[in-house]
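Biologist: I'm new to this one, so could you pick a single part and walk me through it slowly? I'd like a close look at one strand and whatever sits around it.

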Amino acid sequence: MKIIDLLKKDAIQLNLSASSKSEVTDKLIALHKTAGNLIDADAYKQAIFEREQQGSTAIGNGIAVPHAKSESVKKAALSAVTLSNGIDYDSPDGKPTDIFFMIAAPLDGNLHLEILSRLMVMLMEPAFCTALRNAKSKAEFLSIIDKTEREKYPENTHTEDEKREGYRILAVTACPTGIAHTYMAAEALEKAGEKLGYPLKAETNGSGGAKNILTKNEIEACDGIIIAADKNVKMARFDGKRVIKTSVSNGINNPEELINRIIKEDAAVYHSDNSEDDHSFADEKEGIGRNLYKHLMNGVSHMLPFVVGGGVLIALGFLIDTLAGNADIGGDFGSANPVAAVIFWIGKAAFAFMLPILAGYISQSIADRPGLLPGIVGGYLATTGATLSSPTGNDSAVSGFLGALLAGFIAGILVNILKKAFNWLPKSMDGIKPVFIYPLLGTLLIGLFMLAINPFVGYLNIGLSGALSSLGETSKILLSIVLAAMMATDMGGPFNKAAYVFGTAAIADGNGWIMAAVMIGGMIPPIAIALSTTFNKRKWNNDELKNGPVNYLMGLCFITEGAIPYAAADPLRVIPSCMAGSAVAGLITALFGCSCPAPHGGIFVFAVVDNPLGYIVALLAGSAAGALMLSLLKRTKRETSEIGGLS
């Protein structure tokens with residue numbers, strides 16, 4: 001390990017003015033605290049004082065190296081100060097002291113002794129000390145130390161230097177669904193890092209779990225971390241590092257700007273509150289709307305597997321019963337055939353968790369893990385229609401999706417209120433509060449709240465469901481067009497997610513025609529772009545042409561995000577074209593009376609759609625309309641001769 005691995009810019013102050021030993025000591029300790037090196041600054045100060053009582057840590061020639069080994073130290077580190085005026089630090093040669101290095105070391109290991117001895121040797125050289133005194137910036141100060149250490153200890157610095165140069169910047173990317181935005185942001189950041197000459201590693205928190213996970217050594221050695229995410233990620237591991245928190249779309253669209261902010265140190269230092277999932281930090285001011293969106297998307301992302309898995313299994317039950325000749329059986333449709341019944345009821349079981357999981361993870365996003373239980377219980381009570389007069393449930397008071405949304409947000413807020421209310425308890429109770437007090441009281445409070453409001457939200461929910469079911473043909477057509485176009489508006493953003501959540505909620509109420517419009521609207525943008533790159537190559541550059549065919553597969557699989565790079569490059573032409581194509585497809589699904597009982601799956605669930613041939617016509621017509629509009633609006637980027645050279 002090198003000295004500069006332990007000495008960060010946050011822990012350096014140059015050319016200060018001080019009048020006493022205690023003033024300099026306080027400043028050095030404050031720098032350690034700012035850099036996130038200490039658990040308890042007061043306890044560390046006591047350890048420094050006790051060490052000085054044993055004998056001054058000034059070594060002469062204007063140099064002092066105060067140090068302490070203490071359980072109050074989070075990680076081995078240095079802080080440094082130079083003074084414009086020397087002070088009396090009880091130096092053995094009686095001369096004023098103007099260069100200070102303070103070593104903080106944890107109880108485990110003797111790393112501080114190794115670094116101390118190495119620093120001592122280097123500080124014996126007058127030229128080295130003079131260079132430190134004359135340093136005009138923190139970067140120059142560190143460069144002087146690094147250069148001298150390389151010369152004196154080449155065998156000890158080479159390997160660590162290679163590690164440090166491996167990844168100067170780290171990133172974590174995550175989007176609510178974890179399918180496309182997550183990986184696109186990671187790729188954009190890594191490419192930008194390569195272009196700018198700053199090696200970057202990105203951890204992806206996708207639907208299959210975290211990949212390319214950042215290691216402890218990488219985090220310690222990096223200059224800073226970029227969190228490009230629309231859902232919460234684990235933050236405690238980044239304690240003491242410069243961190244930028246931004247949206248995943250910023251990671252895709254502005255990677256170079258984010259990287260330059262880290263390099264220029266235009267990012268706040270993150271300090272953990274020792275919570276495993278501390279989400280309170282924000283170097284960028286986030287509005288109420290974005291915070292609500294992040295909490296909602298945390299619930300939606302965890303709910304999706306239940307919706308998709310359960311919905312597709314239910315749809316398969318319908319398909320098997322249809323093939324078995326039971327399509328007109330009535331209320332038992334989907335479970336009349338024994339094989340269909342098994343698949344259908346497994347799907348129903350998965351689907352039943354949809355709303356409790358949604359509410360639970362909204363609450364967890366707001367209040368961390370103590371909010372999970374109250375949120376899930378509140379979501380469950382929304383599905384049963386429990387009331388104060390009928391706690392076991394009442395069909396007319398089932399508040400459903402709206403009730404679960406309300407339960408998630410209220411449960412999270414209640415748990416946060418409980419945290420503040422019980423803040424007076426002694427530290428010895430810290431272990432029991434999050435696993436007993438908060439979940440217990442939070443669950444009781446949200447339970448009582450849901451019993452009280454379920455009748456009112458239930459009536460509202462029934463009214464909305466009835467209004468959708470009773471819509472006239474014209475209104476259904478209009479709503480289908482609007483929802484399909486919303487899916488192409490921001491391709492995975494708030495409009496897209498709002499339409500999708502509305503569609504999944506409608507399935508539970510038996511309005512599958514809404515999901516039909518939503519799914520077809522999300523499939524159109526990638527396919528329209530793929531068609532245009534195939535048949536109108538003059539409108540696209542080399543990279544766009546090369547990646548175009550992939551969008552056929554993404555579109556057929558209902559992954560709208562495949563269109564994002566194209567939309568980001570030319571939003572004024574691509575987005576309206578895709579919206580037009582999706583609107584055409586939504587119109588046709590309504591005209592043909594298509595209904596989709598599955599909330600995901602794309603072409604793979606076409607077999608369970610009511611009027612699948614009409615659905616296929618909608619897909620083809622919408623894709624063609626979008627591709628045609630792209631061809632009309634897009635500017636020509638290459639001549640015919642260039643296209644011939646590509647083929």
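Modeller: Sure, and keep in mind that this is a predicted model. Let's start with a pairing: strand 1, residues 12–16, lines up with strand 5 in the parallel sense, over 3 bridges. One spot to find on screen is Gln13, which stands opposite Val81 in strand 5. Strand 5 is the part I'd stay with. This strand covers residues 77–87, and 8 of its 11 residues are buried, so the rest of the structure largely encloses it. Strand 5 is also joined to strand 6, residues 97–105, by 7 bridges, and these two run antiparallel. There you can look for Ile87, which stands opposite Thr97 in strand 6. As a rule, side chains in a regular strand alternate between the two faces of the sheet.

Now for the nonpolar cores. The largest has 62 residues, and Leu358, Met519, Ile520 and Tyr615 have the most contacts inside it. Its main contributor is helix 20, residues 512–535, which gives 11 residues. Apart from that core lies another, with 48 residues, including Ile3, Leu83, Phe101 and Ile144. Nonpolar side chains do tend to be buried together in soluble globular proteins.

If you want a contrast to the strands, try Ser363, which sits in helix 14, residues 354–367. Ser363 has a relative accessible area of 0%, so it counts as buried. Its side chain reaches the backbone oxygen of Gly371 at 2.6 Å. Beyond its close sequence neighbours (within four places), Ser363 is in contact with residues including Asp368, Leu372, Gly408 and Ala411.

How values were computed: Residues are numbered from 1 along each chain as its sequence is written. This is a predicted model: local features need pLDDT of at least 70, side-chain atom pairs count only at pLDDT 80 or more; totals for chains, interfaces and linings use all residues. Side-chain values use heavy atoms; hydrogens and water are left out. A nonpolar core is a set of buried Ala, Val, Leu, Ile, Met, Phe, Trp, Tyr and Cys residues joined through side-chain atoms within 4.5 Å. Buried means under 20% relative accessible area, exposed over 50%, partly exposed in between (1.4 Å probe, protein chains only). Helices (H or I, at least four residues) and strands (E, at least two) are DSSP runs, numbered from the N terminus. Two strands pair if DSSP finds at least two bridges between them. A polar contact is a pair of N or O atoms within 3.5 Å; within protein, one must be able to donate a hydrogen and the other to accept it, and residues adjacent in sequence count only if both atoms are side-chain atoms. Contact means heavy atoms within 4.5 Å.
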